[in-house]
Amino acid sequence: MIGRRTFLGQTLVIGALGLARRLWAQGAAFLRFRPLPAPVAVPLADMLAQWRSRQFVADAVTLDTAATPNQPIRITGMVVRTGAAGDNTPDRFQAVCLRCPHEGCEIEFVSDPARLPPEVVTEIGHPVTEPVYVCPCHNSTFTAETGERLAGPAPRGLYRFRVTKVSETAVEIGEVEEDLLLFV
Ligand code: FES
């Protein structure tokens with residue numbers, strides 16, 4: 001039989017976990033995005049299966065509050081189909097900037113997690129079954145599903161783009177996270 005204290009303790013832990021999950025979801029939802037001057041179109045035919053990825057380059061302009069304001073810049077990104085084949089809703093595609101938020105090295109997409117070096121898996125702390133991004137400089141890792149940080153010295157998850165439309169022929173990347181336009 002569970003004592004009253006144990007029951008209360010378990011209730012508090014479950015409540016705290018639920019709150020943490022909600023706060024994380026809100027954090028992701030509250031990232032601020034800005035339209036790209038011209039959306040980037042990636043052929044849908046290249047992304048028909050789950051976890052298919054395609055690199056792209058987006059033109060953008062730094063914010064007027066950036067250290068070098070209102071400057072045209074080019075950002076290299078990667079878009080991945082995270083949802084199953086046939087589901088072409090925009091949120092089934094995740095697009096991120098390939099620049100590591102730690103010290104700016106270019107991260108790599110690892111579609112087969114079995115290829116991860118053992119020391120990287122050890123740092124993550126649990127088995128990895130889905131594709132991830134890995135930074136070759138100091139081994140920060142990020143999920144391909146959301147860009148969230150898994151392990152390593154990176155101070156945050158990957159900077160994101162937003163897929164704004166999927167037509168019959170193209171995946172359209174139309175917005176970029178504002179914070180990226182401060183620091184690139
Ligand atoms: S630059 Fe990526 S982990 Fe340091």
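Strands, like helices, are DSSP runs numbered from the N terminus, and a strand has at least two residues. In this predicted model, A38 has its place in strand β1.

**Overall layout**

The protein chain contains three helices and ten strands. Read from the N terminus, its elements follow the order α-β-β-β-β-β-α-β-β-β-β-β-α. The chain has 184 residues, of which 26% count as buried. Among contacts in the chain with a separation of 6 or more, 52% are accounted for by residues 24 or more positions apart.

Confidence is uneven along the chain. The mean pLDDT of the protein chain is 88, with 84% of the residues at 70 or more. Over residues 11-15 the pLDDT is below 50, and this stretch has zero contacts in the model beyond near neighbours in sequence. Residues 17-27 also have a pLDDT under 50, and for them the model shows zero contacts beyond four places in sequence.

**The nonpolar core**

In soluble globular proteins, nonpolar side chains tend to be buried together. Here the largest nonpolar core has 35 residues, and those with the most contacts inside it are A58, V79, A95 and V176. Two or more residues of this core come from each of β1 (33-43), β2 (53-61), β3 (72-81), β4 (93-97), β6 (132-134), β9 (160-166), β10 (170-177) and α3 (180-183).

V79 shows how residues from distant places in sequence meet. Leaving aside neighbours within four places in sequence, V79 is in contact with V42, S53, R54, F56, F93, A95, V163, V171 and I173.

M78 lies in strand β3. A residue is buried if 20 or more other C-beta atoms lie within 10 Å of its own. M78 has 21 such neighbours inside 10 Å and therefore counts as buried. Outside the four nearest places in sequence, its contacts are S53, Q55, A95, V96, L98 and F109. M78 and L98 are 20 residues apart along the chain, yet their C-alpha atoms are separated by 6.6 Å.

**Strands β4, β9 and β10**

Strand β9 is largely enclosed by the rest of the structure, because five of its seven residues are buried. On one pairing, β4 and β9 run in the antiparallel sense over two bridges, and V96 stands opposite R160 in β9. On another, β9 and β10 pair in the antiparallel sense over five bridges, with V166 opposite V171 in β10. A hairpin of three residues joins β9 to β10.

**The four-stranded sheet**

Four strands form an open antiparallel sheet in the order β5-β6-β7-β8. Its edge strands, β5 (108-110) and β8 (149-151), each pair on one side only. Direction ignored, neighbouring strands of this sheet are turned by 35 degrees against each other on average. Between strand β7 (residues 141-143) and β8, which run antiparallel, there are two bridges. F142 has R149 as its bridge partner in β8.

**Exposed and partly exposed positions**

The residue named at the start, A38, has 10 C-beta neighbours inside 10 Å and so counts as exposed. A38 and A60 are 22 residues apart in sequence, and their C-alpha atoms are 8.2 Å apart in space.

Two asparagines carry a backbone angle that is set out below.

| Residue | Phi | Loop |
|---|---|---|
| N70 | about 55 degrees | between β2 and β3 |
| N139 | about 65 degrees | between β6 and β7 |

N70 has a positive phi although it is not a glycine, and the same description holds for N139. How exposed are these two positions? N70 is exposed, because 10 other C-beta atoms lie within 10 Å of its own. N139 has 18 C-beta neighbours inside 10 Å and so counts as partly exposed.

Methods
Residues numbered from 1 in each chain as written. Predicted model: local features only at pLDDT ≥ 70, side-chain atom pairs only at ≥ 80, totals over all residues. Pairing = 2+ DSSP bridges. Axes fitted to C-alpha atoms, helices over the stretch in contact; angles between N-to-C directions. Core = buried A, V, L, I, M, F, W, Y, C linked by C-beta atoms within 7 Å. Buried ≥ 20, exposed ≤ 12 C-beta atoms within 10 Å, placed from the backbone. Contact = placed C-beta atoms within 7 Å. pLDDT = per-residue confidence, 0-100.
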